[in-house]
Amino acid sequence: MEKKTFNISVPIDSHRDRIDKFLQSQLSELSRTRLQNLIRNGHVKLNNAIINEVSKKIKNEDKIEVNFPQPKETLIKPNKIPLDILYDDDDLIIINKPPGLVVHPGAGNYEKTIVNGLLFKYQNNLSSVGGKLRPGIVHRIDKDTSGVIVVAKNDNAHINLSKQFSDHTIKRTYEALVWGSLKPQSGKINERISRSVKNRQLMAVRKEKGKKAITNYKTLEIFQNLNLPKVSLIECRLETGRTHQIRVHMNFKGNPILGDKSYGKSKRKFKKINANIEKKINNFNRQALHAKSLGFVHPKTGKEIFFEAERPKDFDTLIKSLKKASI
């Protein structure tokens with residue numbers, strides 16, 4: 001079977017980074033542990049020489065080659081999970097992920113994920129680059145975020161798509177409901193992001209040590225009346241794809257996403273407001289964030305393709321309720 005490799009030249013903004021951290025930024029669908037194991041087991045070359053040191057510092061224009069061995073038999077069981085498939089060909093699958101469904105197994109959930117559903121439907125016709133826990137998974141969105149994701153059926157497609165993600169050429173738009181109104185109503189947020197020093201499970205804007213993160217946004221509609229705190233429907237176009245990027249950037253702006261339990265307040269108290277709309281807002285039990293569209297170059301045909309996912313029912317219903325309550 002043909003060996004699968006990922007090749008990259010180190011850009012200037014990653015000079016002196018650890019090689020394991022750098023590779024995770026380029027192959028974000030792979031865990032740091034898996035990348036470290038690939039390094040320790042001799043599957044990574046730096047300037048054509050095999051290395052085993054996970055903390056090796058890299059330099060501008062260094063050449064890195066990652067070789068992906070064939071995975072051992074997976075322990076993840078196929079499971080008949082409904083998948084909203086928007087597109088399917090010999091190389092890739094486009095899925096509209098519902099809120100509440102995890103993309104791949106982990107953290108005690110090994111049966112009710114998109115991967116289990118993919119294994120049931122496609123069996124072994126998925127890429128192996130992501131390892132036994134993440135067959136086919138090129139990228140992911142949070143459990144409580146809905147919307148469009150792409151899955152690779154073979155390793156060539158996976159490596160090609162990963163390169164497009166790392167080069168930031170993938171076109172991604174999201175819709176979100178945020179508290180308040182953004183000022184200005186349209187603009188660009190260019191603030192670096194990395195792990196929060198207060199909570200390592202969260203991300204935060206860190207101007208010096210963070211990774212480059214750019215979110216373009218525009219306000220689509222503002223919902224308000226005399227007794228209703230302002231809520232805005234916005235569209236975000238990502239130039240980069242950092243973990244929790246939109247959630248972190250919106251919170252940094254002072255406009256956290258409605259329902260977000262991790263960034264900003266998930267519930268609000270209202271004065272003299274219709275009890276029905278207050279209940280609908282505060283009972284929206286997830287971040288109001290939807291991955292609306294995804295555009296990229298097809299790994300085999302070389303043609304640009306574009307996909308769009310409809311809003312889930314809970315998101316759409318909340319927007320309609322906000323419209324009705326507005327002036």
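Helices α1 and α2 sit oblique to each other in this predicted model, because their axes cross at roughly 125°, and an angle between 115 and 145 degrees is neither roughly perpendicular nor roughly antiparallel. The pair also lies across strands of an open sheet: α1 across β1, β2 and β4, and α2 across β2 and β4. Below is a quick tour, starting with those helices, moving through the sheet and on to β7, α3 and a few backbone oddities.

**The α1/α2 pair**

- Two packed helices are described by the angle between their axes and the distance between the axes.
- For α1 (residues 19–26) and α2 (residues 32–40), the axes come within 9 Å.
- The crossing of α1 past α2 is right-handed.
- Who does the touching? On the α1 side you'll find Ile19, Asp20, Lys21, Leu23 and Gln24, and on the α2 side Arg32, Leu35, Gln36 and Ile39.
- Sort those contact residues by character and you get 4 nonpolar, 2 polar and 3 charged.

**The four-stranded sheet under the helices**

- Read across the sheet, the strand order is β1-β4-β2-β3, with antiparallel pairing.
- The edges belong to β1 (4–9) and β3 (49–50), each of which has a pairing partner on one side only.
- β1 and β4 (residues 63–68) run antiparallel and are joined by 6 bridges.
- Two of the spots to look at along that pairing are Phe6, whose bridge partner in β4 is Val66, and Asn7, which stands opposite Glu65.
- Measured against β4 the two helices can be placed by angle: α1 runs at about 70° to β4, while α2 runs at about 100° to it.**β1 and its two faces**

- In a regular strand the side chains alternate between the two faces of the sheet.
- β1 shows this alternation: Lys4, Phe6 and Ile8 point to one face and are buried, whereas Thr5, Asn7 and Ser9 point to the other and are not.
- Is Asn7, in strand β1, buried or exposed? Asn7 falls in between, as partly exposed, because its relative accessible area is 43%.
- Beyond its neighbours within four places in sequence, Asn7 is in contact with Ile64, Glu65 and Lys163.
- Lys163 is the long-range one to click on: Asn7 and Lys163 are 156 residues apart in sequence, yet their C-alpha atoms are 9.0 Å apart in space.

**β7 and its partners**

- How many residues of β7 are buried? For this strand (residues 146–152) the count is 7 of 7, so β7 is mostly covered.
- β6 (residues 92–97) runs antiparallel to β7, with 6 bridges joining the two.
- In that pairing, Asn96 stands opposite Val148 of β7.
- β14 (residues 289–297) runs parallel to β7, with 2 bridges joining them.
- There, Gly147 stands opposite Ala291 of β14.
- Strands of a sheet pair through backbone hydrogen bonds, either parallel or antiparallel.

**Helix α3**

- α3 (residues 114–122) is mostly covered too, with 7 of its 9 residues buried.
- The buried ones are Ile114, Val115, Asn116, Gly117, Leu118, Leu119 and Tyr122.
- What covers these residues? The cover includes β5 (85–88), β6 and β7.

**Backbone oddities in the loops**

- Going from Lys183 to Pro184, the peptide bond is cis, with omega near -10°.
- You'll find Pro184 in the loop between β8 (171–179) and β9 (186–190).
- Arg16 isn't a glycine, but its phi is positive, near 75°.
- Arg16 belongs to the loop between β1 and α1, and counts as partly exposed because its relative accessibility is 49%.
- His244 is another non-glycine residue with a positive phi, near 60°.
- The loop between β13 (228–238) and α5 (245–253) is where His244 lies.
- Why does His244 count as buried? Its relative accessible area is 19%, and the cut-off for buried is under 20%.

Note on methods: Residues are numbered from 1 along each chain as its sequence is written. This is a predicted model: local features need pLDDT of at least 70, side-chain atom pairs count only at pLDDT 80 or more; totals for chains, interfaces and linings use all residues. Side-chain values use heavy atoms; hydrogens and water are left out. Axes are lines fitted to C-alpha atoms, for helices over the stretch in contact, and angles run from 0 to 180 degrees between N-to-C directions. Angles under 35 degrees count as roughly parallel, over 145 as roughly antiparallel, 65 to 115 as roughly perpendicular and the rest as oblique. A crossing is left-handed if the near helix is turned anticlockwise from the far one by less than a right angle, and right-handed if clockwise. Contact means heavy atoms within 4.5 Å. Ala, Val, Leu, Ile, Met, Phe, Trp, Tyr, Cys and Pro count as nonpolar, Asp, Glu, Lys and Arg as charged, and the others, Gly among them, as polar. Two strands pair if DSSP finds at least two bridges between them. Buried means under 20% relative accessible area, exposed over 50%, partly exposed in between (1.4 Å probe, protein chains only).
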